[in-house]
Amino acid sequence: MRMLNPHNHLVWSTRYAILFVSIGYAMLTVFLSSCSADLTVHREKRLAKLSSFDTKYSIIFLIHGDNNYLYHDSSGNSYRANEEALAAARRVAEENSQAEVFIFHQKPASNFLFFFPIKDGEYFYYRNGMLIENDSYWRNQEQANIDFEIDLYDQLRLINHSNLIRMFVYLGHEIPEIDGVGYDLSYPDRTFTVDNIAHGLKNFTSDSAKFDLLILSTCYGGTPYTIGKLGAFTNTIIASPENLHLSYFDLSALERLDMTLMDGDVPAFAIKVAQQSFDKLTSDLQTEVSVAVYDIKSVQKYLNSVNNEYNNKLIRLKDKTQSSLAAMERCDCADVPAYQRSTISEGVEVFYRAARFGRLKNKESHSGWECWK
Amino acid sequence: MKAVVGFLTLLMVFAFSISANADGKDKIKSYFSKTAIKVNTTELASEKREILNESFQNMLNVIEKVQNSGLINNEDQAGIDHFKAALQEKQDELNGTNGFERVPDAQLNAFSNYMVQDMEQASITISLLALVVIAILLVVFVF
């Protein structure tokens with residue numbers, strides 16, 4: 001019987017393990033790359049069937065799904081808000097025969113067989129109701145930006161955007177005004193703030209006019225800072241100044257823009273979307289519901305008058321951790337003397353219903369602006 | 001070989017920790033949803049109130065255990081205190097204590113749905129470790 005040298009045994013075991021992993025990885029790489037079709041050729045073929053003259057609307061959906069988005073209905077059925085949002089966005093894309101629609105779905109990082117990372121983003125590009133391209137992509141893992149999405153948008157979008165009605169829809173958790181650590185569950189050290197989304201919007205609008213409508217389907221979107229920052233890239237914003245349940249705004253009004261936006265009156269359309277969302281949310285929820293439409297030109301007076309006060313407050317909060325920030329109370333700006341101005345309601349249309357329970361159940365109205373206490 | 005095993009173990013822990021974080025929050029949300037279902041399917045108001053009280057109390061006890069475990073850092077204490085305060089406020093409203101009007105019997109179903117929806121939209125800023133411990137204690141002591 002041959003005696004095994006323990007050292008040799010260790011060396012050979014290690015070599016076999018490395019060899020096994022390498023072969024597995026190589027096979028997987030070959031398998032995965034064989035799955036990806038030549039997207040450019042397919043894209044060109046599909047686009048050739050379409051005329052860009054038929055396109056009147058351009059919509060970008062950015063759906064954040066890399067965090068906890070579970071919610072339940074009153075029967076106990078569970079839903080993932082990001083998946084519901086994706087289905088709603090795809091319906092909008094398929095039902096609009098005169099729109100180009102980009103959908104970016106930011107998913108949690110995951111691994112195949114524990115070790116092989118799977119792409120954590122997926123995009124869909126539709127034009128005039130037809131799916132032109134759908135593929136996965138790697139999100140930026142280190143920097144909190146949306147550069148990949150912007151690059152892809154620049155590659156695919158219609159060249160002439162000047163005559164299109166343009167909308168941007170963001171669905172996700174509250175976008176933090178400061179700190180922003182832990183927004184992505186998969187990248188806990190990465191930060192994501194309103195400044196990052198503003199930077200993204202700047203690039204989406206770099207060579208053409210502002211967006212006509214921005215829909216911010218998140219909690220606490222209606223703050224002076226957020227509206228001020230994002231308002232630089234759009235004419236109208238729909239946002240919730242208070243908490244917004246994960247069932248989000250109702251997007252069904254966007255499904256047939258040829259009918260709901262026939263006259264091209266975007267501010268009136270925004271009111272319609274807000275009203276519809278408010279009706280849907282109040283019929284389903286016991287919690288507070290607030291949906292506000294901000295006419296960016298008309299809210300400037302109020303924003304300019306509270307800008308310094310609000311920014312100073314943010315500076316004072318800068319050293320706070322995410323947990324302490326979450327514990328800090330926020331309220332209607334109209335209830336804080338420092339933010340009370342005669343111009344507070346100029347340019348804001350608010351749909352509000354207080355929570356059925358809780359300390360504020362008797363609150364009758366909301367200014368549409370949310371501030372830190 | 002040890003290095004390879006160590007490396008693989010680390011990778012598995014990393015892969016597990018991401019799903020554990022999401023699962024911890026899911027567990028808390030599902031816990032409240034199950035309570036609401038029980039309340040909605042119970043006839044008597046006194047029983048509905050008892051189910052809600054028991055549910056709040058169980059969760060508060062679990063949080064207490066986590067806070068006393070010595071595993072929680074200062075940062076977590078702030079997040080857990082916030083979560084606890086939100087729960088306590090709801091229990092106070094249910095029973096009409098600490099300045100709250102007592103939730104009327106006829107509104108207990110709606111109140112249980114409010115509890116679920118409010119906890120779902122609340123930002124739970126608790127670290128991975130605390131969430132995992134809460135999830136484990138919920139399974140051990142409550143489910």
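Two residues are taken to be in contact when their C-beta atoms, placed from the backbone, lie within 7 Å. Helices (H or I, at least four residues) and strands (E, at least two) are DSSP runs, numbered from the N terminus. The structure is a predicted model, in which local features need pLDDT of at least 70 and side-chain atom pairs count only at pLDDT 80 or more, while totals for chains, interfaces and linings use all residues. Residues are numbered from 1 along each chain as its sequence is written, and chains are lettered from A and ligands numbered from 1 in the order in which they are written.

A view of each chain comes first. Chain A holds 10 helices and 15 strands. Of its 373 residues, 40% are buried, a label given to a residue if 20 or more other C-beta atoms lie within 10 Å of its own (exposed if 12 or fewer, partly exposed in between, with C-beta atoms placed from the backbone). Among the contacts in chain A with a separation of 6 or more, 71% link residues 24 or more positions apart. Chain B has 5 helices and 0 strands, giving the pattern α-α-α-α-α along the sequence. In chain B, 38% of the 143 residues are buried, and residues 24 or more positions apart supply 75% of the contacts with a separation of 6 or more.

Chain A contains an open sheet of 9 strands with mixed pairing, in the order β8-β7-β4-β1-β9-β10-β11-β12-β14. Its edge strands are β8 (130-137) and β14 (348-353) of chain A, each of which pairs on one side only. From one strand to the next, the twist averages 10°. Pairing here requires that DSSP finds at least two bridges between two strands. Towards the β14(A) edge of the order, β12(A) (residues 289-295) and β14(A) run antiparallel and share 6 bridges; S290(A) has Y352(A) as its bridge partner in β14(A).

Which strand of this sheet is largely enclosed by the rest of the structure? Strand β4(A) (residues 99-106) fits that description, because 8 of its 8 residues are buried. From β4(A), A99(A), V101(A), I103(A) and H105(A) point one way, whereas E100(A), F102(A), F104(A) and Q106(A) point the other way. One partner of β4(A) is β1(A) (residues 57-64), which runs parallel to it and is joined to it by 8 bridges; within that pair, L62(A) is matched with F104(A). Another partner is β7(A) (residues 121-127), antiparallel to β4(A) over 7 bridges, where E100(A) is matched with R127(A).

Strand β1(A) is likewise mostly covered, with 8 of its 8 residues buried. Y57(A), I59(A), F61(A) and I63(A) point one way from β1(A), and S58(A), I60(A), L62(A) and H64(A) point the other way. Besides its pairing with β4(A), β1(A) pairs in the parallel sense with β9(A) over 7 bridges. L62(A) stands opposite Y170(A) in β9(A). Helix α3(A) (residues 81-95) lies across β1, β4, β7 and β9 (165-171) of chain A, and runs at about 165° to β4(A). Such angles run from 0 to 180 degrees between N-to-C directions, and axes are lines fitted to C-alpha atoms, for helices over the stretch in contact.

Elsewhere in chain A, helix α6(A) (residues 224-230) includes G228(A). G228(A) counts as buried because it has 21 C-beta neighbours inside 10 Å. Leaving aside residues up to four places away in sequence, G228(A) touches L303(A) and N307(A). G228(A) and N307(A) are 79 residues apart along the chain, and their C-alpha atoms are separated by 8.6 Å.

In chain B, helix α3(B) covers residues 74-95, and its 22 residues should span 32 Å at 1.5 Å a residue; the end C-alpha atoms are 31 Å apart, which agrees. The expected span is 1.5 Å times one less than the number of residues. Buried positions in α3(B) include I80(B), F83(B), L87(B) and L94(B). After the helix comes G96(B), whose phi is positive, near 70°.

Helix α2(B) (residues 45-68) packs against α3(B) at an angle of about 160°, with the axes 10 Å apart. The two helices are therefore roughly antiparallel, the term for angles over 145 degrees (under 35 is roughly parallel, 65 to 115 roughly perpendicular and the rest oblique). Residues including L52(B), F56(B), L60(B) and I63(B) of α2(B) meet a set in α3(B) that includes I80(B), F83(B), L87(B) and L94(B).
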